[in-house]
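Me: I should like to learn how pockets and cavities are read in a protein model. Please guide me through one example.

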Amino acid sequence: MQASIRVPALAAGLTAFALAAGAANVQAAWPEQPITIVVPTAPGGGNDAFARVIAQKMGEHLKQTIIVVNKAGAQGAIASEFVARAPGDGYTLLFGYIATHGINPALQKLRYDPVKDFKPIGMLASSPTLLVVSSTAGVNSVQELIAKAKKDPQSLSYASAGVGTAPHVTAELFKMVTGINMLHVPYKGSAPAMTDTLAGTTQVMFPSLFSAYPHLSTGRIKALALAGDRRSEVLKDVPTLEELGIKGVSVPQWYALFAPASTDQAIVNRLNEVLNASLRDPEVIAKFKEQGADPQSSTPEQLGEFVKSEVARWRKVVETAKITAD
């Protein structure tokens, strides 16, 4: 009896030791070549800027080059599909965000599953959504914007970073709650959308604070309100929509790193460790904070549960608000 007890115990101990040794070997050998972070939006936008800041710092920790590659198109689906089907060797990662792993999957059928096709690595940051108008729009408050839209429904158009992105869905929620109409002009990323809003080609946009903040000092766009649950430390005089009596339009934008689902968990854990260390770096914190973004770390497990909750949340919002991908 003693032997029958000891043998399974010894076998289990050896198995655990072998698994631990295997994980250690994976970590020791990786990374042996440059890593690529795929950004699902065009260069120059908030996602791109975030990715480059974090890639540089993570590369320093790993003593390896991390390359940022932009694969814009299909509202983030092209990049997401590419990474989902990439080898799970830890060398191809996705800069995912609220659109790729929250809103867009609720809007349309995609060729990737935000939960099953990825292993979550960790959260990076969050940034509130901001309501801005072009200086050529002729409005200085949310109330004036609503009044103008009701008086002349053809006078205002809003830019978005693409169908299914936070700027698109936030604008549609704003339209529904206020009873106004604005023409939707989708772009391939926040950067070109912001460019046309700055030029007055489109009059309204709901970008992340991170994307909008550098342009506020130019006077070419005005911040009217935040679509979030609290005011921003960098824009203390800008009220939230809820403060103005407009409820149900709170869309905090978030950003995170993901790997293909087949990636070894030891590599994922190492990436999470390096990501969180980078997010504690004073230089990274300062770069994020000065543009209105809050560094936000997590474990892979916490991010996984968060993505599940986001997918469920946005399916309900899209159904209730009758938002479409058109």
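The dialogue below turns from the overall form to the pockets and then to the cavities.

Me: What should I know before reading the values?

Reply: This is a predicted model, in which local features need pLDDT of at least 70, side-chain atom pairs count only at pLDDT 80 or more, and totals for chains, interfaces and linings use all residues. Residues are numbered from 1 along each chain as its sequence is written, and side-chain values use heavy atoms, with hydrogens and water left out.

Me: How many helices and strands does the protein have?

Reply: Helices (H or I, at least four residues) and strands (E, at least two) are DSSP runs, numbered from the N terminus. The protein has eleven helices and eleven strands.

Me: What share of the residues is buried?

Reply: A residue is buried when its relative accessible area is under 20%, with a 1.4 Å probe and protein chains only. Here 53% of the 326 residues are buried.

Me: How is a pocket told from a cavity, and what is the volume of the largest pocket?

Reply: On a 1 Å grid over the protein atoms alone, a cavity is a set of points where a 1.4 Å probe fits but cannot get out, a pocket is an open set with protein on both sides within 12 Å along at least five of seven lines, and lining residues have an atom within 4 Å of a point. Volume is the space filled by probe spheres set on the points, which are joined across faces, edges and corners. The largest pocket has a volume of about 490 Å³. It is lined by 23 residues, of which S126, S127, P128, R230 and D294 are the closest to its centre. At least two lining residues come from each of β4 (118-127) and α11 (300-321).

Me: Which element gives the most to the lining of the second largest pocket?

Reply: That element is α8, with four residues. The second largest pocket holds about 180 Å³ of space, and G44, G45, G46, A49 and F210 are the closest to its centre among its 15 lining residues.

Me: How many cavities of 30 Å³ or more are there, and which residues line the second largest?

Reply: There are two cavities of 30 Å³ or more. The largest has a volume of about 130 Å³; of its 15 lining residues, N47, Y97, A161, S190 and Q253 are the closest to its centre. The second largest cavity has about 40 Å³ of space and is lined by V53, Q56, K57, E283, V284 and K287. Both α2 and α10 give two or more residues to that lining.

Terms used:
Buried means under 20% relative accessible area, exposed over 50%, partly exposed in between (1.4 Å probe, protein chains only).
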